[in-house]
Amino acid sequence: MAAPVIELDALTRRFGDLVAVDSIDLRVEPGQFFGFLGPNGAGKSTTIKMVTGLLAPTSGRIRILGTDLVADPVAVKRQIGVVPEGLALYGRLTGAEFLNFAGRLYGLDRETTARRASELLEFMRLADRPDTLITDYSHGMQKKLAMAAAVIHGPRILFLDEPFEGVDAIAAGTLKAMLQRMIANGATIFLTSHVLEIVERLCSHVAIIDHGKLVAQGSLDELRAGQQRNLEQIFLSVVGGPPETAGELSWLG
Ligand SMILES: Nc1ncnc2c1ncn2[C@@H]1O[C@H](COP(=O)(O)OP(=O)(O)OP(=O)(O)O)[C@@H](O)[C@H]1O
Ligand SMILES: [Mg+2]
């Protein structure tokens, strides 16, 4: 079996007394389309930020593509793309300026960067108002631009935090096609999403985190464990469904 491209050992992050990520061990193999699931506040975004070098772990080890992230963060960042929770765009640039900036930052030459930037703007349907500043983009437009910037260098691993949140159905379709093409070309994708139908359709492997702890992981077939269950049923069985009594909030009518 090929070496894992993401290896987390006892990865932990505390915020004061809160253990947001609690000693996670995780392996992602090359070419996997990996869904990282969990309820609100479970620790997904905190994990993605640590794994992509945006937030320091309290303890534990992160190896990406065989390299220790703390020992050589630049070597890792060169080969990955990330769309974090907060998007991290520069509002005073236009979309084209930002993509050109991102491409040059990743070390692409000027011509390659310009060609890929304009292809990506067309692909994401962001090309028709070239002079608009990012700060004046809608939320979904900003998300698509962040996605474009994250792939301009052809990353070997793409990390996406809630990529389908806030984007329209056309963009979601475009995005799915782009991700499937990356997988076909040998990349690995690691995403969080609350849209379990999309995760079920796209992902080959899933991990579920709850209160900072990994509570399930495996291929979708492994998680089904021979039963006719969809991902939502698996998810609810692992992290608990809605409260059984509807007695509260009775004043809502
Ligand atoms: N900078 C911070 N300071 C203090 N607490 C934090 C900080 N960042 C996250 N937390 C806490 O850590 C926990 C995990 O947060 P995280 O954002 O990782 O959850 P999540 O799984 O991404 O949730 P969601 O599905 O709502 O995006 C939460 O209890 C959150 O309040
Ligand atoms: Mg989150």
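Here are four short exercises on the structure above, each with a worked solution.

Keep in mind that this is a predicted model: local features need pLDDT of at least 70, side-chain atom pairs count only at pLDDT 80 or more, and totals for chains, interfaces and linings use all residues. Residues are numbered from 1 along each chain as its sequence is written, while chains are lettered from A and ligands numbered from 1 in the order in which they are written.

**Exercise 1.** Work out which residues surround ligand 1, and which elements give two or more of them.

*Solution.* Start with the cut-off: a residue is near a molecule if its C-beta atom, placed from the backbone, lies within 6 Å of it. That picks out F15, L18, A20, G38, N40, G41, A42, G43, K44, S45 and T46. Next, look for the elements that give two or more residues to this shell: they are β2 (18-28) and α1 (44-51). (Helices are DSSP runs of H or I, at least four residues; strands are runs of E, at least two; both are numbered from the N terminus.) The top contributor is α1, with 3 residues. Finally, sort by chemistry: 4 are nonpolar, 6 polar and 1 charged. Here Ala, Val, Leu, Ile, Met, Phe, Trp, Tyr, Cys and Pro count as nonpolar, Asp, Glu, Lys and Arg as charged, and the others, Gly among them, as polar.

**Exercise 2.** Place I183 in its element, then find its contacts beyond four places in sequence.

*Solution.* First, the element: I183 belongs to helix α6 (residues 169-184). Then the contacts, meaning C-beta atoms, placed from the backbone, within 7 Å of each other: G31, F33 and I189. Now, is I183 buried or exposed? Buried takes 20 or more other C-beta atoms within 10 Å, exposed takes 12 or fewer, and partly exposed is in between, again with C-beta atoms placed from the backbone. I183 is partly exposed because it has 18.

**Exercise 3.** Compare the settings of A10 and R125, each with a positive phi.

*Solution.* Begin with the background: most residues other than glycine have a negative phi. For A10, phi is near 50°; for R125, phi is near 55°. A10 sits in strand β1 (residues 6-15), whereas R125 lies in the loop between α4 (110-123) and α5 (139-151). Last, count neighbours: A10 is exposed because it has 12, and R125 is partly exposed because it has 13.

**Exercise 4.** Find the buried residues of α3 and what covers them.

*Solution.* Scan helix α3 (residues 95-105): G95, F98, L99, N100, A102 and G103 are buried. Their cover includes α4 and α5. Then step past the helix to G107, which follows α3 with a positive phi, near 90°.

How values were computed
Two residues are in contact if their C-beta atoms, placed from the backbone, lie within 7 Å.
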